[in-house]
Amino acid sequence: MPDKFDELPEQRAKGLRKMEQVYGFDMTDGGGDFFAYTADHLFADIWSRPGLTDRDRRLLLIGMLAGQGAADVLGIQVPAAHSAGDLDDAALREIVVFLSHYAGWPQGARLNSIVEETIAKAARAQQEKDSGR
């Protein structure tokens, strides 16, 4: 079945498909070397390697990002992990408690805000869906 990436080189198409799977939103091709390394190498090669599941990779990445205080990227990865079903409400909250003790309380507080916002947003979306809006 044809898809929107069929006209792209195989490596780029593979990377963009994996990016959509990981992030949970539509991707388009981009320009420049940074985007090329991101799509062609990080997602087509690294995120696609055997040995770890996407959930494993997300756990490692969320831990590292929390330790670095990278709230901007956590704001992408946490909702993506939740919407993909890799990490549910309870798992995300447990990650906050665990990482707060290793990454530090201020980093844990930032992560907690992202987690609670993600959970609340998903609950609102589910309520709207259930009420037929």
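Let us begin with how α1 and α2 are placed against each other. In this predicted model, helix α1 covers residues 10–23 and helix α2 covers residues 32–46. Their axes cross at roughly 75° and come within 7 Å. An angle from 65 to 115 degrees counts as roughly perpendicular, and α1 and α2 are therefore roughly perpendicular to each other.

Which residues make this contact? On the side of α1, they are Q11, R12, K14, G15, L16, K18, M19, V22 and Y23. On the side of α2, they are F35, A36, T38, A39, D40, F43, A44 and D45. Sorted by character, the residues of the contact between α1 and α2 comprise 9 nonpolar, 3 polar and 5 charged.

I turn now to the chain as a whole. The protein chain has 6 helices and 0 strands. Read from the N terminus, the order of its elements is α-α-α-α-α-α. Along the principal axes, the C-alpha atoms fill a box of roughly 45 × 40 × 30 Å. Of the 133 residues in the protein chain, 35% are buried. Among contacts with a separation of 6 or more, 50% join residues that stand 24 or more positions apart.

The next pair of helices is α3 and α4. In general, two packed helices are described by the angle between their axes and the distance between the axes. For α3 and α4, the angle is about 150° and the axes are 10 Å apart. Angles over 145 degrees count as roughly antiparallel, so α3 is roughly antiparallel to α4. The crossing of these two helices is left-handed. From α3, the contact draws on R58, L61, I62, L65 and A66. From α4, it draws on V73, L74, Q77, V78, A80 and A81. In this contact of α3 with α4, 9 residues are nonpolar, 1 is polar and 1 is charged.

One residue of that contact merits a closer look, namely Q77. Is Q77, in helix α4, buried or exposed? Its relative accessibility is 3%, and Q77 therefore counts as buried. Setting aside neighbours within four places in sequence, Q77 is in contact with V22, Y23, W47, R58, L61, I62 and L65. Two of these partners, V22 and Y23, also appear on the α1 side of the contact with α2.

We come to the interior. The largest nonpolar core has 17 residues. Those with the most contacts inside this core are I62, L74, V78, L87, L111 and V115. Four helices each supply at least two residues of the core: α3 (54–68), α4 (71–83), α5 (89–103) and α6 (105–130). Of the helices, α5 gives the most, with 5 residues.

What does L111 touch, leaving aside its neighbours within four places in sequence? L111 is in contact with I62, A66, L74, V78, I95, V96 and L99. A second core, separate from the one just described, has 11 residues. L16, Y23, A39 and W47 are among them. L16 and Y23 of α1, together with A39 of α2, have already been named in the contact between those two helices.

Three further positions complete the presentation. The first is L59, which is found in helix α3. With a relative accessibility of 32%, L59 counts as partly exposed. Not counting residues up to four places away in sequence, L59 touches L87 and I95. L59 and V78 are 19 residues apart along the chain, and their C-alpha atoms are separated by 9.7 Å.

The second position is A70, in the loop between α3 and α4. A70 has a relative accessible area of 13%. Buried means under 20%, and A70 is therefore buried. Between A70 and T118, which are 48 residues apart along the chain, the C-alpha atoms are separated by 16 Å.

The third position is D3, which lies in the segment before α1. D3 has 32% relative accessibility and so counts as partly exposed. D3 and R49 are 46 residues apart in sequence, and from C-alpha to C-alpha they are 23 Å apart in space.

Key:
Residues are numbered from 1 along each chain as its sequence is written. This is a predicted model: local features need pLDDT of at least 70, side-chain atom pairs count only at pLDDT 80 or more; totals for chains, interfaces and linings use all residues. Side-chain values use heavy atoms; hydrogens and water are left out. A nonpolar core is a set of buried Ala, Val, Leu, Ile, Met, Phe, Trp, Tyr and Cys residues joined through side-chain atoms within 4.5 Å. Buried means under 20% relative accessible area, exposed over 50%, partly exposed in between (1.4 Å probe, protein chains only). Contact means heavy atoms within 4.5 Å. Axes are lines fitted to C-alpha atoms, for helices over the stretch in contact, and angles run from 0 to 180 degrees between N-to-C directions. Angles under 35 degrees count as roughly parallel, over 145 as roughly antiparallel, 65 to 115 as roughly perpendicular and the rest as oblique. A crossing is left-handed if the near helix is turned anticlockwise from the far one by less than a right angle, and right-handed if clockwise. Ala, Val, Leu, Ile, Met, Phe, Trp, Tyr, Cys and Pro count as nonpolar, Asp, Glu, Lys and Arg as charged, and the others, Gly among them, as polar.
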